[in-house]
Amino acid sequence: MQKRATVFLGCLLVLSLLATGCAPGGKETEKPAPTPATPTPQAPPQQEKVLVIAQSREGDNLDHIKTSWTTGIHFLVFDTVVTTDWDLKYKPGIAESWEVSKDGRVWTFKIRKGMTFHDGTPVNAAAVKWFFDAVLNPSYNSPSAVDYEYMRNSRVVDEYTLEVTLSDSFPNFLSPLASSYAGIISRESYQKYGPEGTKEYGTAKVVGSGPFKFVEWIPNDRMVLAKNPDYNWGPDWVSNRGPVKIDKVVWRTIPDSSTQVAELESGNVHVLLEVPIESVERLSNNPKVQVFKGPHFGLGYLAFATDKKPFTDVRVRKALNLALNREEIVHGVFRDLALPAYGYLPPLMPEYVEDKAAHTYDIEQAKKLLAEAGYPTGFKATLATQNKAEHVRLAEVIKAQLDKVGVKTEIQVFDSAGYASFLKEGKQELFVREYSYADANILQWFLESGQFPYPNHSRWKDQATDRLIKEAETAASLEGRTQKYKELQRYLIDQAVWAPVWVPMKIQAVRADKVKGWRMYPQTIYKVVLNDVDLVP
Amino acid sequence: MLETAYVEQEFDSCDPATPGDSAASDLLRALRSRKAGMIGLSIVAVFLVVAALAPFLMPNSFDEPNLTKTLQGPSAQYPLGTDEIGRCVLSRLIYGSRISLSVGLVAVGTGLAIGMVVGVASGLFGGWVDQACMTLVDIVWSFPTILLAIGLVSVMKPGLAGAMIALGLVTWPSYARVVRGQVMAVRGLPFVLSARASGCGTLRLLSRHIIPNIMSPVLVMASLEMGNAIIVESTLSYLGLGVQPPYPSWGTMLSTAKNFTYDYPMLMVYPGAAIVVVVLGFNLFGDAVRDALDPRLR
């Protein structure tokens with residue numbers, strides 16, 4: 001009796017499987033239509049080309065006036081006044097040319113003609129001026145306002161000429177203008193949907209003039225962008241300056257990195273912008289996948305609360321620098337997908353200064369310095385880190401390495417929000433940090449006393465540092481600025497303010513069987529350039 | 001039918017228990033005659049011994065990375081291979097048994113103790129006591145378990161002890177519910193009424209008559225909850241609220257190994273298997289204990 005029931009149930013299962021397989025709307029209809037041998041103008045429209053990119057997190061808002069959150073969306077929906085090419089050189093964007101006055105205070109931008117926002121309004125000098133004013137408008141309380149702190153006023157000279165006056169010479173002025181926070185938003189749309197309107201801007205509406213239009217955002221699932229057919233103002237450093245070749249971009253939010261890898265392998269995702277290092281080898285062996293690797297504009301370091309004993313003593317900070325075996329860390333923790341760090345900036349930057357001797361493993365010298373500082377047997381400290389797998393792994397290795405000079409650490413792990421508040425409250429002693437940024441002013445962000453206590457989490461309040469930063473940022477020329485930043489770094493190395501540990505690598509994985517024309521942009525994780533990218537079925 | 005099952009117990013209702021008749025000897029007798037129970041007991045015993053003697057059994061240090069030998073397969077030096085920073089997996093597994101078993105035992109013990117007290121009070125006294133207890137249960141239950149545990153650990157000092165207690169503090173309502181239902185079911189039965197009529201005090205009534213009759217589902221629940229507690233601990237640890245690296249627990253080993261699922265699946269298999277075996281051990285043992293204690297099954 002029981003046996004018969006089992007057989008019956010088995011049949012039922014098979015039947016139901018068959019039924020779903022044959023149901024209309026199943027796989028059958030999704031098959032791409034066979035392409036005719038000789039394409040005719042009357043050929044039916046081709047299947048929509050949808051590029052799927054995975055992202056591990058999404059912010060709570062896409063309004064970059066009001067939040068400091070960056071996503072790939074910002075680089076695709078908006079145009080910026082200037083752009084940076086593949087070598088990070090400044091190139092025309094909305095401004096086709098610009099001039100600087102002799103004293104470095106007045107910048108005149110010639111705006112390109114014929115550009116329109118996605119809502120149809122023109123991109124002109126007034127539109128750009130409105131955006132600058134909005135960022136500086138105190139009522140919006142914009143986090144980007146610090147980028148424009150040198151901006152005194154901007155003036156519309158004629159429809160396509162904008163003149164910006166700065167309070168001082170500020171040779172790095174183009175850098176904030178090219179950032180993801182500087183995409184020019186349509187004034188009309190912002191007034192209609194923004195904080196003074198329906199308050200939909202940033203979640204249901206995002207309006208710029210870039211190669212893609214914002215379609216929708218389903219929180220914790222996907223963000224969808226569609227091709228802007230009117231776009232013909234691509235920068236001169238891409239081949240296809242007209243409308244993009246793909247129809248849609250879907251940014252899928254997949255927080256778990258191993259799920260992202262599995263989705264790429266099964267073909268549901270075309271691009272991973274951050275590949276977990278433990279998956280690189282396997283993806284490289286997959287013939288359908290191409291892995292792109294390159295040095296990244298970032299730095300990982302061990303930081304100290306420099307206002308707490310024993311880290312107030314420069315000899316202790318130097319000893320900790322010498323106690324770390326960076327080569328071993330890069331090999332063992334990062335599987336050679338990183339570089340040992342010998343300075344405070346990423347090596348690709350023109351301002352970069354390195355000092356190998358100060359950052360090379362020398363346990364005897366480290367012990368000697370500790371003894372000189374009055375800690376011949378070492379000391380105890382806490383070692384905090386965010387719960388990112390690599391950082392925890394690194395903290396465990398740092399703990400073992402510091403053990404050898406007598407520095408006994410106790411690891412504390414935090415989630416990202418918990419880590420931020422922990423650092424804000426100033427409870428840290430030793431802690432692991434990583435930044436991803438392509439401008440020397442990152443040192444200003446982290447180490448100027450005005451930034452105390454956060455983001456100056458190293459609690460470094462030092463007049464010489466402040467003076468050097470000020471001199472660099474207000475130098476008469478970019479070369480002058482570079483020289484001052486070099487001087488600053490030599491000073492920081494001498495003071496051993498941080499222990500730089502590793503320079504991360506930027507690693508992307510792309511379905512090479514589907515995606516053509518992909519090129520990895522060197523800067524920031526989420527920046528993608530899709531003008532030349534195409535999809536094959 | 002049902003009533004006669006309880007009758008046996010009733011005859012010696014208020015006699016002082018003879019030493020040979022104690023729960024412990026019942027238990028041993030029951031276990032001896034049940035193979036599964038013996039297996040369960042042996043598994044639990046082996047793990048407890050391993051945990052107790054961990055420092056002497058580990059072939060290597062559990063926290064000494066060897067960056068030249070990461071993610072290696074089994075070798076003479078590392079019997080189960082090495083993890084992502086070259087630490088001995090076997091040593092971490094052995095040391096982890098200490099942490100995971102204490103987490104399981106303390107969390108379940110705390111939860112069970114609170115749940116029993118609340119459940120028994122609720123079921124036995126009824127009325128406003130019942131109402132108050134059940135309101136409390138509902139309140140605690142209305143929070144997602146993990147969220148409440150996170151909140152509790154954050155209030156207490158983050159760390160292993162806090163995590164263990166917090167896990168107990170969030171799981172007791174399920175025991176309380178079950179215990180209450182069982183107590184209510186037996187409290188009106190003739191053997192309880194007659195014990196009460198023959199002058200049995202409340203405590204004796206509970207210990208000799210009610211509790212032995214309600215333990216079956218509770219013990220099964222508790223043995224299953226062990227595994228749950230071991231896993232939830234890893235969630236708390238991931239948020240920095242439980243055991244901190246480099247100290248290993250099976251749960252944290254499992255969650256770290258997740259990153260290597262495809263390429264080094266064995267890293268996941270070892271701690272996973274340890275959890276499965278321990279939970280199985282407790283489960284078999286729990287079943288046998290239940291059989292030994294449950295008058296209905298004797």
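**Confidence, chains, cores and one methionine**

Chain A averages a pLDDT (the predictor's confidence in each residue, from 0 to 100) of 88, and 91% of the residues score at least 70. This is a predicted model, in which local features need pLDDT of at least 70, side-chain atom pairs count only at pLDDT 80 or more, and totals for chains, interfaces and linings use all residues. Residues are numbered from 1 along each chain as its sequence is written, while chains are lettered from A and ligands numbered from 1 in the order in which they are written.

Q: Why is B:Met134 called partly exposed?
A: A residue is buried if 20 or more other C-beta atoms lie within 10 Å of its own, exposed if 12 or fewer, and partly exposed in between, with C-beta atoms placed from the backbone. B:Met134 has 18 such atoms within 10 Å, so the residue is partly exposed. Its place is in helix α6 (residues 127–142) of chain B; helices (H or I, at least four residues) and strands (E, at least two) are DSSP runs, numbered from the N terminus.

Q: What makes residues of chain A and chain B count as in contact, and how many are there?
A: Two residues are in contact if their C-beta atoms, placed from the backbone, lie within 7 Å. On that basis 23 residues of chain A are in contact with 21 residues of chain B. On the chain A side, the largest share, eight residues, comes from α12(A).

Q: Which residues have the most contacts inside the largest nonpolar core, and what makes it a core?
A: A nonpolar core is a set of buried Ala, Val, Leu, Ile, Met, Phe, Trp, Tyr and Cys residues joined through C-beta atoms within 7 Å. The largest has 146 residues, and A:Ile53, A:Val128, A:Val249, A:Leu302 and A:Ala319 have the most contacts inside it. Strand β18 (residues 498–511) of chain A gives the most to this core, with eight residues. Leaving aside neighbours within four places in sequence, A:Val249 is in contact with residues including A:Leu51, A:Phe212 and A:Leu530.

Q: How do you know where the domains of chain A begin and end?
A: The bounds come from an automatic or database domain assignment. Chain A is divided into domain 1 (50–295 + 507–535) and domain 2 (298–504). Their C-alpha centres lie 31 Å apart, and 15 residues of domain 1 are in contact with 20 residues of domain 2.
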